[in-house]
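Subject: Handover of a structure

Hello,

I am passing this structure on to you, and my notes follow below it. Please read them with the structure open beside you.

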Amino acid sequence: MTISPVDFASLLCSRLCHDLLSPVGALNNGLELLADETDPAMRERCMELLADSARASANKLKFFRLAFGAGGGFADRVDMGEAKAAIEGLLVDNRRTTLGWLVESPALPKPAVRILMNLALIATEALARGGTIDIGAEAGREAIEIAIRIEGPRILLDPEIRRTLMEGQGTEPLASRTAPAFLIHTLTTELGGMTLVTEPMPNTMILGAAIRAG
């Protein structure tokens, strides 16, 4: 698939705006309610809703900063504690999904972290009714391997996302929903690696990637 950097950046921006629309919209609605509300109990409830929406907005921005942007500062490697915290923030309002963290390396190269974050995004969204998401990564001398196992009562992975992950393109034009998968495939290809999506198993699926180390 051939797509210009500007068009791809536009798709990532569209995805970011789509995910932020709900919490930011809730902030706006909460402020409008607060302006007209005089009952102390209702005003307190409005403040709680505003705080929840502000937290959700900040958590999403922190996550996408690492997943799409240049998060982690100017260093070539990213602290995995920061990556874990960003994923936990993404899941904080999704009480049906629990995170298992199996990453022992204290830091990984930025491309590996970007792949991990976007795989986590896709995996989380595939858990239609919640479940567990176990994230592991191992850095060897020659390769960095990332594996994400999800388990839940209903797993739905968009076929277009699966095709884009594995082949770099689907049967439809690239869209904001498939842009994270395209980013993963592009990075792994550029780094001499490959992606993996297991065939559907009862309530379980594994997504992964391997890239050259260094």
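**Strand E5 and its neighbours**

Ala 143 lies in strand E5; helices (H or I, at least four residues) and strands (E, at least two) are DSSP runs, numbered from the N terminus. Before going on, note that this is a predicted model, in which local features need pLDDT of at least 70 and side-chain atom pairs count only at pLDDT 80 or more, while totals for chains, interfaces and linings use all residues. Residues are numbered from 1 along each chain as its sequence is written, and side-chain values use heavy atoms, with hydrogens and water left out.

Ala 143 is partly exposed, with a relative accessible area of 28%. Buried means under 20% relative accessible area, exposed over 50%, and partly exposed in between (1.4 Å probe, protein chains only). Not counting residues up to four places away in sequence, Ala 143 touches Glu 138, Ile 211, Arg 212 and Ala 213, where contact means heavy atoms within 4.5 Å. Pro 173 is 30 residues from Ala 143 along the chain, and the C-alpha atoms of the two are separated by 32 Å.

Strand E5 covers residues 143-151 and runs antiparallel to strand E4 (residues 131-139), with 8 bridges joining them; two strands pair if DSSP finds at least two bridges between them. Ala 139 has Ile 144 in E5 as its bridge partner. The connection from E4 to E5 is a hairpin through 3 residues.

**Strand E2**

E4 is also joined to E2, by 7 bridges, and these two strands run parallel. Trp 101 has Ile 135 in E4 as its bridge partner.

Thr 97 is in strand E2, which spans residues 97-103, and Thr 98 is found in E2 as well. Are these two residues buried or exposed? Thr 97 is buried, at a relative accessible area of 7%, whereas Thr 98 is partly exposed, at 43%. Leaving out residues up to four places away in sequence, Thr 97 touches Leu 91, Leu 127, Gly 130, Gly 131 and Ile 133. With those sequence neighbours again left out, Thr 98 touches Gly 131, Thr 132 and Ile 133. The C-alpha atoms of Thr 98 and Asp 134 are separated by 8.5 Å, with their positions 36 residues apart along the chain.

**The E6-E7 hairpin**

Strand E6 (residues 194-197) has a covered face, made of Thr 195 and Val 197, and an uncovered one, made of Met 194 and Leu 196. E6 pairs with strand E7 (residues 204-212) in the antiparallel sense over 4 bridges. The bridge partner of Val 197 in E7 is Leu 207.

E6 and E7 form a hairpin with 6 residues between them. Asn 203 sits in the loop between the two strands and is partly exposed, with a relative accessible area of 41%. Its phi is near 65 degrees, a positive value in a residue other than glycine.

**Helix H2 and the largest pocket**

Ser 57 is in helix H2 and is buried, with a relative accessible area of 9%. Beyond residues up to four places away in sequence, Ser 57 touches Leu 20, Pro 23, Val 24 and Leu 27. Leu 21 is 36 residues from Ser 57 along the chain, and their C-alpha atoms are separated by 9.0 Å.

The largest pocket has a volume of about 460 Å³. Of the 20 residues that line the largest pocket, Asp 19, Pro 23, Lys 60, Leu 90 and Glu 125 are the closest to its centre. A pocket, on a 1 Å grid over the protein atoms alone, is an open set of points where a 1.4 Å probe fits, with protein on both sides within 12 Å along at least five of seven lines; lining residues have an atom within 4 Å of a point. Grid points are joined across faces, edges and corners, and a volume is the space filled by probe spheres set on the points.

At least two lining residues come from each of helix H1 (5-36), helix H2 (40-67), helix H3 (80-91) and helix H4 (110-126). H1 gives the largest share, 6 residues. By class, the lining has 6 nonpolar, 8 polar and 6 charged residues. Here Ala, Val, Leu, Ile, Met, Phe, Trp, Tyr, Cys and Pro count as nonpolar, Asp, Glu, Lys and Arg as charged, and the others, Gly among them, as polar.

Regards
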